[in-house]
Amino acid sequence: MPEYRNLQVEIDGGVVTVTIRRPDRLNALNRATIEELGVLFGELGENEEVRGILLTGSGSKAFVAGADIDELVQMGPLDAVEVSRLGQRVFREIELSRKPVVAAVNGFALGGGCELAMACHLRVASSTARFGLPEVTLGIIPGYGGTLRLSRLVGRGAALGLILTGEMIDADEALRIGLANRVVEPDALLAESRGLLQSIIRNGPVAVGFAIESTVRGQELALDDGLALESHLFGVLAATEDMHEGMRAFLEKREADFKGR
Ligand code: COA
């Protein structure tokens with residue numbers, strides 16, 4: 001795996017832990033870090049050893065405290081469109097990853113950090129985590145998909161409550177509205193997130209990838225188009241060795257040995 005300046009990447013038993021590391025900026029996403037995430041997720045998609053990805057922030061204070069305001073302040077309108085498109089493209093790649101991505105939210109997940117967490121498939125929050133989209137307090141709006149993903153995750157009313165006030169919510173409130181999937185004590189965060197990923201990657205990898213695709217794309221399609229996609233993917237799975245193995249293992253009362261084909 002190549003070296004990254006702002007990301008620490010470790011692989012263990014099929015799970016890659018990616019730690020965003022800009023501790024003196026509370027892991028704020030500058031352009032270089034977003035570009036690195038794009039390159040890394042491209043690599044992880046191709047790497048057959050990788051079955052699942054855990055994304056977190058360095059230190060105990062922040063997951064990611066937003067886009068890097070030192071960079072934002074220098075931008076003109078064309079740079080702003082360009083950086084927004086870059087973030088949207090990379091976050092979309094994360095969202096459409098066929099390998100499950102869990103955000104371990106270890107502190108502030110604000111602005112671009114909240115948007116990054118929302119692009120992940122699941123979010124496990126430390127009880128110290130704080131979520132928010134404070135962009136309007138800076139005179140901008142979320143530009144990495146936040147207005148769209150938050151309303152899809154929690155509904156338009158709750159989304160507008162956060163987006164228009166710019167206020168932060170704590171982990172329990174994030175759990176209540178469906179922004180976080182689980183809340184755990186800070187020292188249990190990584191183990192819990194890994195355990196969640198392990199329970200996913202035990203399943204048929206092709207099925208997991210298709211389940212992500214059907215759920216994510218399906219939410220964006222008209223119902224009949226989403227249903228057509230779902231039955232197409234369902235049909236393709238019927239041609240995989242994994243489907244036969246999964247069903248045989250059930251009938252033989254043993255653990256399935258999935259091969260990803
Ligand atoms: N971009 C650039 N630098 C950031 C940053 C960001 N999004 N968030 C934090 N930092 C920097 C701070 O400027 C500070 O740098 P300094 O030590 O050189 O002064 C350092 O990280 C520590 O942050 P600080 O504000 O001192 O910590 P705090 O505990 O007082 O407050 C936050 C923590 C998260 C509430 C506060 O940093 C904050 O509001 N950050 C911006 C959040 C935001 O609006 N994000 C959306 C951007 S679109």
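# Asking the model to explain its labels

Q: Why is Asn27 called buried?
A: Asn27 has a relative accessible area of 1%. Buried means under 20%, exposed means over 50%, and partly exposed lies in between, using a 1.4 Å probe and protein chains only. Asn27 therefore counts as buried. This is a predicted model, in which local features need pLDDT of at least 70 and side-chain atom pairs count only at pLDDT 80 or more, whereas totals for chains, interfaces and linings use all residues. Residues are numbered from 1 along each chain as its sequence is written, and side-chain values use heavy atoms, leaving out hydrogens and water.

Q: What makes the phi of Asn27 worth a look?
A: Most residues other than glycine have a negative phi. Asn27 is not a glycine, yet its phi is positive, at about 65°. You will find Asn27 in the loop between S2 and helix H1 (31-46).

Q: Lys253 also has a phi to check, so is Lys253 buried or exposed?
A: Lys253 has a relative accessible area of 77%, so it is exposed. Its phi is near 55°, again a positive value in a residue other than glycine. Lys253 lies in the segment after helix H11 (241-251).

Q: What makes a stretch such as H11 a helix, or S2 a strand?
A: Both are DSSP runs numbered from the N terminus: helices are H or I over at least four residues, and strands are E over at least two. Strand S2 covers residues 15-20.

Q: How do you know that S1 and S2 pair?
A: Two strands pair if DSSP finds at least two bridges between them. S1 and S2 have six bridges, in the antiparallel sense. One position to look at is Gln8, which stands opposite Thr19 in S2.

Q: Why are S1 and S10 called edge strands?
A: The open sheet has six strands in the order S1-S2-S3-S5-S7-S10, with mixed pairing. Strand S1 (7-12) and strand S10 (182-184) each pair on one side only. Neighbouring strands of this sheet are turned by 20° against each other on average, direction ignored; the axes are lines fitted to C-alpha atoms, and angles run from 0 to 180 degrees between N-to-C directions.

Q: Why is strand S5 described as largely enclosed?
A: Five of the five residues of S5 (residues 101-105) are buried, so the rest of the structure largely encloses this strand. In a regular strand the side chains alternate between the two faces of the sheet. In S5, Val101, Ala103 and Val105 point one way, Val102 and Ala104 point the other way, and all are buried.

Q: Which strands pair with S5?
A: Strand S3 (residues 52-57) pairs with S5 in the parallel sense over three bridges, and Leu54 has Val102 as its bridge partner in S5. Strand S7 (residues 122-126) runs parallel to S5 and is joined to it by four bridges; there, the partner of Ala103 is Arg123.

Q: How do you know that Ser84 has a polar contact with Gly143?
A: A polar contact is a pair of N or O atoms within 3.5 Å; within protein, one must be able to donate a hydrogen and the other to accept it, and residues adjacent in sequence count only if both atoms are side-chain atoms. The side chain of Ser84 reaches the backbone oxygen of Gly143 at 2.8 Å. Ser84, in helix H3 (residues 77-95), counts as buried at 16% relative accessibility.

Q: What about Ser193: buried or exposed?
A: Ser193 has a relative accessible area of 0%, so it is buried. It lies in helix H8 (residues 189-201), where a polar atom of its side chain is 2.7 Å from the backbone oxygen of Leu189.

Q: What makes a residue part of the ligand's surroundings?
A: One of its heavy atoms must lie within 4 Å. There are 16 such residues, the closest being Arg25, Lys61, Ala65, Ala67 and Ile69. By class, the shell has ten nonpolar, one polar and five charged residues; Ala, Val, Leu, Ile, Met, Phe, Trp, Tyr, Cys and Pro count as nonpolar, Asp, Glu, Lys and Arg as charged, and the others, Gly among them, as polar.

Q: Which ligand atom does the side chain of Lys61 approach?
A: An oxygen atom of the ligand is 2.6 Å from an N or O atom in that side chain. Ligand nitrogen also takes part: a backbone N or O atom of Ala65 lies 2.8 Å from a nitrogen atom of the ligand, and a polar backbone atom of Ile69 is 2.9 Å from a ligand nitrogen. Taken alone, the ligand exposes 860 Å², of which the protein buries 61%, with areas from the Shrake-Rupley method.

How values were computed: Areas by Shrake-Rupley, 256 points an atom, 1.4 Å probe, with all protein chains shown as cover.
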